[in-house]
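Here are a few friendly notes to read alongside the structure. Keep the 3D view open and find each ring as you go.

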Amino acid sequence: MKKTAVVTDSNSGISQQEAQELGLYVLPLPFTVGGQLFFEGMTLTQELFYQKLDEGCEVSTSQPSLGSIQELWDSILVEYDEIVHLPMSSGFSSSYASAMMLAQEYGGKVQVVDSLRISITQRQAVLDAQTLIQAGWEAVRIKEYLEGVKMYSSIYMMVDTMKYLKKSGRVSPTIAAISTILNIKPILCIKGAKIDVVAKARGIKQATDLLIKGIQGDLAGIFKDFAGPDKIWLKIAYSLNKAAAETLKTCAEAAFPGHHISIEPLSFTVVCHAGPGTIAITCCKKLSRL
């Protein structure tokens, strides 16, 4: 049986320490903060990231360099026979395309997966890959499986401020200003490679209700054949406002009895575009019985 390693990037929210504990490898995403280069989870900590945002520094992210990917793959293949590489969704980064191009030089030893996942849903795909390896699956089969279930994942997200959506060009300055005055909080839905504004809430209470309704709609729709607690993951994610995430979790537990619902922080890449105070609820398909 081949010895297979899993590689992902820090958009998954998996820290370097956790990666070591799980036997995974994580490429830290580069961030430019106020003109200086940092690496997520290494030189860019949670405290520093939010401090710089609060100070109004320009923060942007980019994909890992081909050189850093190649260096990591080469070091792994000294010990392993093959690699499952899980970058963030191709819909939101060119990391997948770059890794696919590089993988052509490795004669099938590296399988690059486009799971169409970001942040905590990407994290779950990584953990699923690790579970499949432990069950004896090889890289090609893992890639086929994860890409086969890539559309069975949803994220509903409340953005607390329009400031960062305005910066990214998703809303005009006028709409952002009016929304701030009226305390309007947009609800975004991420499915596959698409991100859409699906609703607008007046205040956080209504936003919480709309997040729950979004998941309820999916459980009655795309997830209807496996909507039970043993067949899907439900997770809460947040940036900075953990109290709002706890409230959302309480509401979700009442709406979806029997589900174990965890709370995890959003990755920096998401926060760069959505901003602090964002909360989200996600659902994705659990592994079928192996």
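The points below deal with aromatic rings and the charges that sit over some of them.

1. Please keep in mind that this is a predicted model. The count of aromatic pairs in it comes to ten.

2. A good pair to start with is Phe31 and Phe49, whose ring centres are 6.2 Å apart. Their planes stand at 80° to each other, and the pair is edge-to-face. An angle over 60 degrees is what earns that label.

3. Where do Phe31 and Phe49 lie? Phe31 belongs to strand E3 (residues 30-33), while Phe49 is part of helix H2 (residues 46-54), so their pairing ties together parts that are 18 residues apart in sequence.

4. Are these two rings' residues buried or exposed? Phe31 has 0% relative accessibility and therefore counts as buried. Phe49 is buried as well, again with 0% relative accessibility. The cut-off for buried is under 20%.

5. Phe49 also forms an aromatic pair with Tyr50. This pair is edge-to-face too, with 5.1 Å from centre to centre and 75° between the planes. Tyr50 has 11% relative accessibility, so Tyr50 counts as buried.

6. Now put these rings together: ring pairs join Phe31, Phe49, Tyr50 and Phe268 into a cluster. Try showing these four residues at once in your viewer.

7. Finally, look at two charges over rings. The charged end of Arg141 sits over the ring of Trp137, 3.6 Å from the ring's centre. Lys286 lies over the face of Trp233, and here the distance to the ring centre is 4.4 Å.

Methods:
Residues are numbered from 1 along each chain as its sequence is written. This is a predicted model: local features need pLDDT of at least 70, side-chain atom pairs count only at pLDDT 80 or more; totals for chains, interfaces and linings use all residues. Side-chain values use heavy atoms; hydrogens and water are left out. Rings of Phe, Tyr and Trp (its six-membered ring) pair if their centres lie within 6.5 Å; planes under 30 degrees apart count as stacked, over 60 as edge-to-face and the rest as tilted. Helices (H or I, at least four residues) and strands (E, at least two) are DSSP runs, numbered from the N terminus. Buried means under 20% relative accessible area, exposed over 50%, partly exposed in between (1.4 Å probe, protein chains only). A charge sits over a ring if NZ of Lys or CZ of Arg is within 6 Å of the ring centre and within 35 degrees of the ring normal.
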